[in-house]
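Subject: Structure for your attention

Dear colleague,

Please find the structure below, handed over for your use. My findings follow directly after it.

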Amino acid sequence: MTTRRERFDELALEAVESVERILSHELGIELAVEEVPPSDPAPWEHGVPLGRLFPAERSMPARLVLYRRPIVQRAQEPEELAALVSEVVTEQVARMLGRDPDDLR
């Protein structure tokens, strides 16, 4: 039996793997899940962010952070949760690659 937190982590990994399959290569990013976003939003963020991508620096790979509670609160059904996690991952990766998110679905 998996916990809700473990299931969210699985959904996040599945979403990244799905994008990697579409791209036909690994992204080389670190994936992290945090409960809530920091209290200091980035200047371009309006409202509560669902995820954030930190670009690669020196020897550190890019890091994609998903914020579990805001994502879970927006999803009404389990199917919606999986779709929302996938959408957040796809949008963040597309932004990193300078591509349209629809190209990665």
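Thr90 is a residue of helix H3. The model is a predicted one, and in it Thr90 has a relative accessibility of 2%, so it counts as buried, the limit for that class being under 20%. Apart from its neighbours within four places in sequence, Thr90 is in contact with Val19, Pro101, Leu104 and Arg105.

The helix that holds Thr90 runs over residues 78–97. With 20 residues at 1.5 Å a residue, H3 should span 28 Å, and the distance of 29 Å between its end C-alpha atoms agrees with this. Thr90 is joined among the buried residues of H3 by Leu81, Leu84, Val85, Val88, Val89, Gln92, Val93 and Ala94. The cover over these buried residues includes helix H1 (4–23), strand S2 (51–54), strand S3 (63–67) and helix H2 (68–74). After H3 comes Gly98, which has a positive phi, near 70 degrees.

Helix H1 may be described in the same way. For its 20 residues, 1.5 Å a residue gives an expected span of 28 Å; the end C-alpha atoms of H1 are 29 Å apart, which agrees. Phe8, Leu11, Ala12, Ala15, Val16, Val19, Glu20 and Leu23 are the buried residues of H1. Among the elements that cover them are S1, S3, H2 and H3.

How do H1 and H3 pack? Their axes are 9 Å apart and form an angle of about 45 degrees. That angle makes H1 oblique to H3, since it falls neither under 35 degrees nor within 65 to 115 degrees. The crossing of the two helices is right-handed. From H1, the residues Phe8, Leu11, Ala12, Ala15, Val16, Val19 and Leu23 take part in the contact; they meet Leu81, Ala82, Val85, Ser86, Val89, Thr90, Val93 and Leu97 of H3. By class, the residues of this contact comprise 13 nonpolar, 2 polar and no charged.

Ile22 also lies in helix H1. Its relative accessibility is 37%, so Ile22 counts as partly exposed. Not counting residues up to four places away in sequence, Ile22 touches Asp103, Leu104 and Arg105; Leu104 and Arg105 are also in contact with Thr90. Between Ile22 and Glu35 there are 28 Å in space, C-alpha to C-alpha, for a separation of 13 residues in sequence.

I turn next to the loop between H1 and strand S1. H1 is followed by Ser24, which lies in this loop. Ser24 has a positive phi of about 65 degrees although it is not a glycine. Most residues other than glycine have a negative phi. At 65% relative accessibility, Ser24 counts as exposed, the class that begins over 50%.

Ile29 belongs to the loop between H1 and strand S1 (30–34) as well. Is Ile29 buried or exposed? Its relative accessibility is 17%, so Ile29 counts as buried. Leaving out residues up to four places away in sequence, Ile29 touches Ala62, Leu64, Val93 and Met96. One of these, Val93, is itself a buried residue of H3. Ile29 and Arg68 stand 39 residues apart in sequence, and their C-alpha atoms are 18 Å apart in space.

Arg68 also serves as a reference point for Val36, a residue in the loop between S1 and S2. Val36 and Arg68 are 32 residues apart in sequence, with 6.5 Å in space from C-alpha to C-alpha. Val36 touches Tyr67 and Arg69, when residues up to four places away in sequence are not counted. With a relative accessible area of 44%, Val36 is partly exposed.

Finally, Arg58 is to be found in the loop between S2 and S3. Arg58 is not a glycine, yet its phi is positive, at about 45 degrees. The relative accessibility of Arg58 is 91%, so this residue counts as exposed.

With kind regards

Technical notes:
Residues numbered from 1 in each chain as written. Predicted model: local features only at pLDDT ≥ 70, side-chain atom pairs only at ≥ 80, totals over all residues. Heavy atoms only, no water. Helix = DSSP H or I, 4+ residues; strand = E, 2+ residues; numbered from the N terminus. Expected span 1.5 Å × (residues − 1). Buried < 20%, exposed > 50% of the residue type's maximum accessible area, 1.4 Å probe, protein only. Contact = heavy atoms within 4.5 Å. Axes fitted to C-alpha atoms, helices over the stretch in contact; angles between N-to-C directions. Parallel < 35°, antiparallel > 145°, perpendicular 65-115°, else oblique. Left-handed = near helix turned anticlockwise from the far one by under 90°. Nonpolar A, V, L, I, M, F, W, Y, C, P; charged D, E, K, R; others polar.
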